[in-house]
Amino acid sequence: MMPPILNPRVYIGLLALSAILWLPLALQSSFVYHLAIQVCVFAGLATAWNIVGGFAGQLSLGHAVFYGIGSYSAGLLVAKFGISPWIGMFAGAAVSSVVALLIAYPTLRLRGPFFSLATIAFLEVVRLLVTHFEGWTGGSAGLNVPLQIGLPWMIFREKWAYLLVAFGFFAVTLLVAWLIRRSRFGFYLIAVREREDAARAVGVNAVRAKIAAAVISAVLTSLIGSFHGMYLTFLEPSAAFSLELSIQIAMFALIGGLGTVAGPVVGTVLVLPVAELARGWLSAFGNGTHGFVYGMLLVFVVLFFPRGLVGHLSQQVLRLIDRLPNGHKAKAAEPARPAVQRIATSLGQPILKAEGLHKRFGGLKATDDVSLTLHEGEILGVIGPNGAGKTTVFNQLSGFIRPDQGTVTVRTGVDWSSPRSPETFARAGVGRTFQIVQPFAGLSVMENIMLGAFMHTRLRSEAEAVAREVAHLTDLTALLDTEARSLTVGGMKRLEVARALATRPRVLLLDEVLAGLNPSDVARAIEMIKRIRDSGVSVLMIEHLMQATMALSDRIVVINVGKVLREGKPADVVNDPAVIEAYLGKGYTHAQAA
Ligand SMILES: Nc1ncnc2c1ncn2[C@@H]1O[C@H](COP(=O)(O)OP(=O)(O)OP(=O)(O)O)[C@@H](O)[C@H]1O
C-alpha cells in the first residue's frame with residue numbers, strides 16, 4: 001500500500017500549510033512574522049469554533065469566553081504564583097470545559113438559538129466578573145504578564161520561536177478537527193446538525209454528541225487563548241472577552257466554509273491579512289474602519305458562495321490535485337453480490353408488541369387503545385384514511401412519541417425490552433424511515449448509509465463494507481458517490497430504507513415509502529421490500545397504495561379514528577364493509593347494498 005505522504009492531497013496540503021512557516025522565515029520581516037502568528041492563532045480559534053459551530057451546527061456567538069478564560073488563567077497563574085503557562089493553560093482548559101458543560105447541558109437539550117444566546121450571556125457575565133475582581137485581575141485597567149523570557153514562560157525574544165509555538169497549537173487543533181471529521185463522532189455531529197430526528201433514528205445520542213463537541217471546542221479555544229495571552233503579554237477584559245472577537249472567529253469559519261476541515265483555515269488565511277493591512281491603511285479614517293472590510297468580504301461571500309469558499313471550490317481544486325501522480329482515483333464499481341438468501345418464509349414468534357397505546361393531542365384522541373403485534377419474518381401493513389392516527393402509532397413504535405398510556409416492547413433474543421427514546425429503540429433493533437424523507441443532503445449516499453452502520457462499529461472500513469452491502473440490497477450501488485441532495489424522489493426513498501437497514505435492524509418500520517414514486521420505482525421498491533423481508537427483517541409498513549399493500553402484506557391492520565378497526569389477511573380486510581365504509585363513507589356501502 002502507498003504511504004499516505006505520496007498522496008498529492010496529503011503532500012499538497014502539508015506544503016500549503018508549511019508556507020505559514022517558511023514564508024516569514026524567508027522574508028524575515030517583523031510584520032510578516034506577526035501576521036503569520038496571528039494567522040496561526042485565528043486559524044486555530046476558527047478551527048476549534050468550527051467543531052461546535054460547523055460540524056455540530058451550534059452557533060456559538062460568545063466563544064471568546066473560552067479564549068478569555070484560557071488567557072487569564074495562564075496569565076494569572078504566572079503573575080500571582082509563578083506557575084508556568086504550560087501548566088496554567090491546562091487549568092484554563094479545565095475551567096473552560098466546566099463552563100462549556102454549564103452552558104451546553106441545559107441549552108443543547110433544546111432546539112433553537114438557546115446555545116448561542118447562552119454563550120453570549122456567559123461571555124458578558126465572565127467579563128463583568130473579571131472586571132469586578134480587580135484585586136486579582138487588574139480590572140478594566142488590565143493585567144501585565146511578567147516578562148520572564150524563555151520556553152518555560154512561553155515568552156520569547158525572537159519572533160520565529162513564537163511562530164513555531166503558535167504553529168504547534170494550530171497544528172494540534174487542526175489535527176483534532178481532521179480526526180473528528182473522519183471519525184464516527186464527526187459523522188454523528190454532521191447528522192445531528194442536518195437532521196436531528198433522522199440521526200436519533202439511527203441510534204445517535206444527539207445531546208451527548210453536541211455536548212462533547214462543545215467541550216472539545218472550548219478546551220482547544222482555551223489552550224490557544226493561553227498562548228495568545230503570553231504572546232500579547234497584556235490582558236484586558238474588554239478585548240479578551242469581547243463579542244467582536246467571538247464574531248470574528250465565527251466569521252473566518254463562515255467565509256472559508258462551515259463544517260469543512262479546511263474552511264476555517266482558508267477563511268483566516270484569506271481574510272486576516274487583508275483586514276490587518278486595512279487596519280493600517282484605514283486607521284487614518286477613524287478607529288474600527290477595518291471592520292468595514294470584514295463586512296464587505298462577508299457580504300460578498302454570503303452572496304456568491306453561501307456554502308463558503310471551500311464548500312464551493314473544494315471539488316474543483318481536488319480534481320486538479322488528483323491529476324498529479326498517485327492522485328485519488330474513483331473506485332471501480334463493486335461486482336454485484338449474489339441475491340440475499342431467503343431465510344424466513346413462515347411467520348415466527350412475536351418480535352414487536354404494542355399494548356393499549358393511548359395518545360392525546362389536547363382534546364384529540366390520536367391513538368385510542370391501539371394494540372398490535374409484529375411477528376418474525378412478517379410484513380404487516382398498516383392502513384387507514386388520512387388523519388386516522390397511523391403516523392402517531394408509528395412514532396410511538398419508534399420512540400419519537402411517548403404514549404400517555406400503554407407499552408411498546410421489543411424482543412431482543414429471549415428477553416423483551418421497553419425502549420424509551422428513538423436512539424434506544426434503534427439500538428434495540430427497530431429501524432425506521434420518515435414519511436417526509438430526511439436525507440443528510442450534504443453527505444454522499446455512501447456516507448448517509450455509513451451513518452446507520454456506525455451504530456455497530458467505530459471503524460470506517462467496516463461501516464463502508466456494510467454500506468456497500470446495503471446499497472446492493474436497495475439498488476443504490478451505482479449512486480454511492482452521489483451527494484444525497486441530487487437523488488430523485490425514488491432514490492431518496494431507497495436511501496431512507498438503506499440508512500435504516502445499515503443499523504442491522506430486526507424490525508423495520510416503513511412510513512409511506514412508496515408515496516410519490518412513479519410506477520417503475522414502485523415496482524422496484526416492492527421488490528426491495530420483499531428482499532428485505534427475505535433477508536430476515538420483519539417489516540411494518542404504513543402505506544396508502546392499496547395494490548402494493550395487498551401484494552406485500554402477510555396481514556393488515558386498519559386504523560380508523562385512532563382505533564384498530566380490523567386486523568387480518570389482506571383479502572378479508574379489504575372486503576370488510578366496515579373498512580370500506582371507513583375509507584369511502586357510509587353512502588358508498590349503502591349504494592353497494594342497494
Ligand atoms: N403533534 C401533533 N399535535 C397535534 N395534533 C396532531 C399531532 N400529530 C398528529 N396530530 C393529529 O392527530 C391525528 C392523527 O394524525 P396522524 O398523522 O397520526 O394520522 P395519519 O393516519 O398518519 O394520517 P396521514 O395518512 O394523513 O399521514 C390527526 O388529526 C392529526 O392532525
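**Helix pair α13/α14.** I looked up the handedness of the crossing between α13 and α14 in this predicted model, and I noted that the crossing is right-handed. I then took down the geometry of the pair: α13, which covers residues 263–282, packs against α14, covering residues 290–304, at an angle of about 145°, and I recorded a separation of 8 Å between the two axes. On the α13 side I listed V271, V274, A275, A278, R279 and L282, and I found that these residues meet H290, V293, Y294 and L297 of α14. Sorting the residues of this contact by class, I counted eight as nonpolar, with one polar and one charged residue besides.

**Ligand shell.** Next I turned to the ligand and asked which residues surround it. My list reads F361, L364, A366, G384, N386, G387, A388, G389, K390, T391 and T392. When I assigned these to secondary structure, I found that β4 (364–375) and α16 (390–397) are the elements that give two or more residues to the shell, and that α16 has the largest share, with three residues. By class, I entered six polar residues, four nonpolar ones and one charged residue for the shell around the ligand.

**Domains.** I then consulted the domain assignment, which places domain 1 at residues 16–241 and domain 2 at residues 350–593. Taking the centres over C-alpha atoms, I noted that 45 Å separate the two domains. How many residues of each domain are in contact with the other? I recorded 15 residues of domain 1 in contact with 23 residues of domain 2. On the side of domain 1 that touches domain 2, I found that α8 (184–194) and α9 (196–201) each supply at least two residues, and that α8 contributes the largest share, namely five residues. I also classed the residues on that side of domain 1, and I entered seven as nonpolar, six as charged and two as polar.

**Confidence.** Finally I checked how far the prediction can be relied upon. I noted a mean pLDDT of 89 for the protein, with 94% of its residues reaching 70 or more, and I copied down the model's scores of ipTM 0.95 and pTM 0.83. One stretch I marked separately is residues 335–345, where pLDDT stays under 50, and for this stretch I found 14 contacts beyond four places in sequence. I added a caution to my entry, that predicted coordinates should not be read in detail where pLDDT is low.

Definitions and conventions: Residues are numbered from 1 along each chain as its sequence is written. This is a predicted model: local features need pLDDT of at least 70, side-chain atom pairs count only at pLDDT 80 or more; totals for chains, interfaces and linings use all residues. A residue is near a molecule or strand if its C-beta atom, placed from the backbone, lies within 6 Å of it. Helices (H or I, at least four residues) and strands (E, at least two) are DSSP runs, numbered from the N terminus. Ala, Val, Leu, Ile, Met, Phe, Trp, Tyr, Cys and Pro count as nonpolar, Asp, Glu, Lys and Arg as charged, and the others, Gly among them, as polar. Axes are lines fitted to C-alpha atoms, for helices over the stretch in contact, and angles run from 0 to 180 degrees between N-to-C directions. A crossing is left-handed if the near helix is turned anticlockwise from the far one by less than a right angle, and right-handed if clockwise. Two residues are in contact if their C-beta atoms, placed from the backbone, lie within 7 Å. pLDDT is the predictor's confidence in each residue, from 0 to 100. Domain bounds come from an automatic or database domain assignment.
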